[in-house]
Structure formats: C-alpha cells, structure tokens
Amino acid sequence: STDQSGGFMSLTANKGTATSSGAVVLGSADAGDAGTSGYLTFKSGTTSNGNSGQFSLTTGSATSGKGGQFIMSVGSGNTGAGGDISLTAGETTANTVVGGSVSVTGGAGTSSTAGQGGHLSLTGGAGTGGTGGFVSLTTGAGTATSTGSVVIKTPTSGSAGVSGRIAFSTGNGQAGSSGMLTMSTGAATTGRGGSMTFSVGS
C-alpha cells in the first residue's frame, strides 16, 4: 500500500478443543552430500521514520502447569568447531545516547508463600579430552573516555531475611594444582594505579 500499512502474514496452527493445539514447523530440508542445509532468516524491515519493527518470540501461559520452554540450540559438528550463538544489541550513531542493551532475567516467583525467583546460570561447555570452556565477563571499551564497569552484587534483603552472599572459589585439582584466584587493578599511564578496597558493612 502506498499510503497505509502493508498487509500482514499470519501462520497459526488449529486449536485442539479436547487436547493439544497443532504445531507450526518452519525448517529447511537436509542437504545433499556436497552442500549445506538451507538457512532460515527472520527479520523485520527497515524504517525511514521511527522505530523498526519488533521481533518477538514468546511461549504461551499455562493454566495448570509450567509455561512452555524456549530453547535455542546449535547443531553438533564432527569435523570442526561447534556452531556459535551470538546475541548482539543494536548500534546507534546518534549523539549522547547509548547503544541497545542485552538483558537476561530469571522469572519472578510472585507467590507470597515461599515463591522463589528463577535462577540464572552461565556455564562453559564441558571438554571431554581437553579443558572446559571459560566464562568471560568483559565491559565495553571507551575509546574517548572511561571503559565500562563490572558490578557483581546482591540486592538488599526483605524485612525477614539476609542479603545474598557472593562466593568466589576455584575447583579442586585432581592431578595437579587447583585453580588460581587473582584480583588485580590495572596500571596507570599518567596517574596512580587503581585501588582495591575490602570493607565490611556496619
């Protein structure tokens, strides 16, 4: 349409009045012996005035059970490295504003009877014949000013509890030394090196 919104496309499985609803499956066929399987692309269009379209993947709510799982996984490879998963927020070229954020949050436990929030776990992959994968937390570089900060903290407790603890520990060594724990500040070119402060609450 030249003066109104374009038409939308909807793919919806049929409702199951007594049992499960139907599934929607989008996939490419298996490749031949000398090729790769086809790729799938889901994207919203660009815009010349305003925000571009939103991309939303959501599972439905459950009345008498758990909400549906959301799974992102990469297929295995037998002659090379495993495939990567990359999540990157959007760049901005505008002045005095920040780039897009990436937020990963466990689900809320809203029951007043010992309702617990969902856990957030970051784990490197296991290495059967070599070392396991590492977990890296790195802030963005500031090419003109300061780099970003890394903040690891637990929030203030409720009226009937204590704040959560923070633990840093290395694993046991089965055939050698256990892992090393290092805390250090960076060197300064034209000033003092950064300080390190340990303090106990009052």
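A contact here means heavy atoms within 4.5 Å. The model is predicted, with local features needing pLDDT of at least 70 and side-chain atom pairs counting only at pLDDT 80 or more, while totals for chains, interfaces and linings use all residues. Residues are numbered from 1 along each chain as its sequence is written, and side-chain values use heavy atoms, leaving out hydrogens and water.

**Exercise 1.** Determine what share of the contacts with a separation of 6 or more comes from residues 24 or more positions apart, and set it beside the secondary structure.

Solution. Start with the contacts: residues 24 or more positions apart supply 0% of those with a separation of 6 or more. Turn next to the secondary structure, where helices (H or I, at least four residues) and strands (E, at least two) are DSSP runs; the protein has zero helices and zero strands.

**Exercise 2.** Compare the radius of gyration of the protein with that of a compact globule of 202 residues.

Solution. The rule for the globule, 2.2 Å times the number of residues to the power 0.38, with the radius taken over C-alpha atoms, gives a value near 17 Å, whereas the protein has 24 Å. Then consider the extent of the C-alpha trace, which spans about 65 × 55 × 45 Å along the principal axes.

**Exercise 3.** Find how many of the residues are buried, and describe Thr96.

Solution. With buried meaning under 20% relative accessible area and exposed over 50% (1.4 Å probe, protein chains only), 0% of the 202 residues count as buried. Thr96, although not a glycine, has a positive phi of about 60°, and its relative accessibility of 83% makes Thr96 exposed.
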